[in-house]
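You asked for some notes to go with the model. Here is what I would look at, point by point.

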Amino acid sequence: MPNLRIVSDNAIERATLAASSTAGALAVGNLAAAQVYPVWRATGRDARVTAAFADAEPIGFVGLPFCNLSPTARLRVRVSGEAAITNNHTYTEAFDNAAWTKSAVTVAANAGTAPDGAVTADRIIATTTSGTHYVQQSIGAVALNGLHTESFFAKRDTGERYLRLQFGTGFTNSFADFDLDTGDVVATSNCTARVDARPGGWYRCSITASATSAATSFVQVYTNRSTNGAAYAGNGTAGILLWGAMGVAGPVAGSYYPSTSAAATRPAGHIDSWQSYDYDSGLVLACPAPAVRLRGFTPAQAASAYAYGGGAYARHWLPIEIVARAVAVDITDPDNLQGYIEAGCMVASSFWSLTYNASAASVTMVDRTEITRSAAGGQLADPGTMSRKVPVDLRAMPPADRATFLNLMRNSRAHPILLSVFPMHADVELERDFMVYGRRTKDSDLAYQFMNAYATTLEVEEI
């Protein structure tokens, strides 16, 4: 079980935020404020939030403190560290366009479902003419010894089994053959090649080669019956599905980015709705602990009664820290009692962990209810807000951990931290109760001054 973790430098404060939907004035920018209210609110039970960073940020945790998600809600966290790069092709999803030269093939446009779910994949059909069958497009000028990478999404469909990618002028017999049945690279010449399986029988086939002379070059995409590129005659109806051409200068194509009439540059950290990028959690439970029950609130009201101990913390710990240019969080919550998704804060950053877990951990409910007496002596209660406070006992900390902890707590009065005493614990209620997004309490000031020399306890209280 991981030990206590602290997220102390929230990259969301430096991010540009965007959301798939916004209800009225409850904008996504509210997530960056170190306050529970006002919240960001989506218009339905499914939503997506993206955070783009001007400078790359280390990310090991992504969370939404103070959210109204149900225990069955799921989120998908994707992280991209990709730099900007230009796709030199045009009409990357339209091989029927005149920008693609055809040799003994016909193209049936929009004949199949592409990897992104749209019906935009084209069928490349070998004609009955005996010969080689391919589509071709220029990749522009290549420099001597310059690396170039080409990638295409391909699916066998009704046609031939093999696909060949081949560079033209400026390269020396550089090609690779791919088996669209098995998803293997079966032959290469003066290049490196790779194939990545995608859902629905699709493969992303890529080839990288170094130019042997400066020239204006091109790439050819063949449909083949064998791996030797021998001429053959098709039947004029069967074909392979092709989609998503990507041609870049450099050793790696990275994620696919489309273009139409002109080459297009993929922005740094770009994340679309379907690709995985540097990290993809898949759909995982966001806050699986049972919903907190609050007396005086209906379950639907309690889901967002953050000031009175209600609501939840959605959280996801990455298995490894990733230097990111963007983060995307897709949320789905069909059982949401309020009919929409909302959250008060978003946290994304690296985390620090203790060598040994904090001893004698406890959690305190700070209840601001005022108790008075009536003139007749009866007890009266004026309900107040509630928050949690978690003390951190320093007695078991090695000196090095104590020093690091001191640095993390130094500015935690002004800037909140996320503290999780039992991260990723099998007891999800224990994890929930001992996770707070808050600030060091004023009562801890004196202890803070002497914490490096003496064993003491510091407290973090929810914002």
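1. Before anything else, Phe167 and Phe171: both of these residues are buried. Keep in mind throughout that this is a predicted model. The two rings stack, because their centres are 4.3 Å apart and their planes sit at 20°.

2. That stacked pair has plenty of company, as the whole structure holds 18 aromatic pairs. Another one to pull up is Trp243 with Trp274, which is edge-to-face, with 5.6 Å from centre to centre and 65° between the planes. Trp243 belongs to strand E18 (residues 239-249), while Trp274 is in the loop between strand E19 (264-266) and strand E20 (279-280), so the pair ties together parts 31 residues apart in sequence. Trp243 has 0% relative accessibility and therefore counts as buried.

3. Now for the rings around Tyr313. This residue shares one aromatic cluster with Tyr37, Phe66 and Tyr306. Arg388 also lies over the face of Tyr313, 5.2 Å from the ring centre. You'll find a charge over a ring at Trp317 too: the charged end of Arg5 sits over that ring, 4.9 Å from its centre.

4. Next, the nonpolar interior. In soluble globular proteins, nonpolar side chains tend to be buried together. Here the largest nonpolar core has 36 residues, and the members touching the most others are Trp40, Ile59, Val62 and Leu69. Two or more residues each come from strand E2 (15-19), strand E4 (46-67), strand E5 (74-80) and strand E22 (312-332). There is also a second, separate core of 27 residues, with Ile139, Phe152, Leu163 and Leu180 among them.

5. Ile59 deserves its own view. Which residues is Ile59 in contact with, leaving aside neighbours within four places in sequence? The list runs to Ala11, Phe53, Leu318, Ile320, Glu321, Ile322, Ala324, Val327, Ala348, Ser349 and Ser350.

6. Last, a polar residue: is Gln220 buried or exposed? Gln220 counts as buried, because its relative accessibility is 8%, and buried means under 20%. You can find Gln220 in strand E17 (residues 215-224). Its side chain has a polar contact of 2.8 Å with the side chain of Gln136, and another with the side chain of Tyr222, also listed at 2.8 Å. Setting aside residues up to four places away in sequence, Gln220 touches Tyr134, Val135, Gln136, Arg164, Leu165 and Gln166.

Conventions:
Residues are numbered from 1 along each chain as its sequence is written. This is a predicted model: local features need pLDDT of at least 70, side-chain atom pairs count only at pLDDT 80 or more; totals for chains, interfaces and linings use all residues. Side-chain values use heavy atoms; hydrogens and water are left out. A nonpolar core is a set of buried Ala, Val, Leu, Ile, Met, Phe, Trp, Tyr and Cys residues joined through side-chain atoms within 4.5 Å. Buried means under 20% relative accessible area, exposed over 50%, partly exposed in between (1.4 Å probe, protein chains only). Helices (H or I, at least four residues) and strands (E, at least two) are DSSP runs, numbered from the N terminus. Contact means heavy atoms within 4.5 Å. Rings of Phe, Tyr and Trp (its six-membered ring) pair if their centres lie within 6.5 Å; planes under 30 degrees apart count as stacked, over 60 as edge-to-face and the rest as tilted. A charge sits over a ring if NZ of Lys or CZ of Arg is within 6 Å of the ring centre and within 35 degrees of the ring normal. A polar contact is a pair of N or O atoms within 3.5 Å; within protein, one must be able to donate a hydrogen and the other to accept it, and residues adjacent in sequence count only if both atoms are side-chain atoms.
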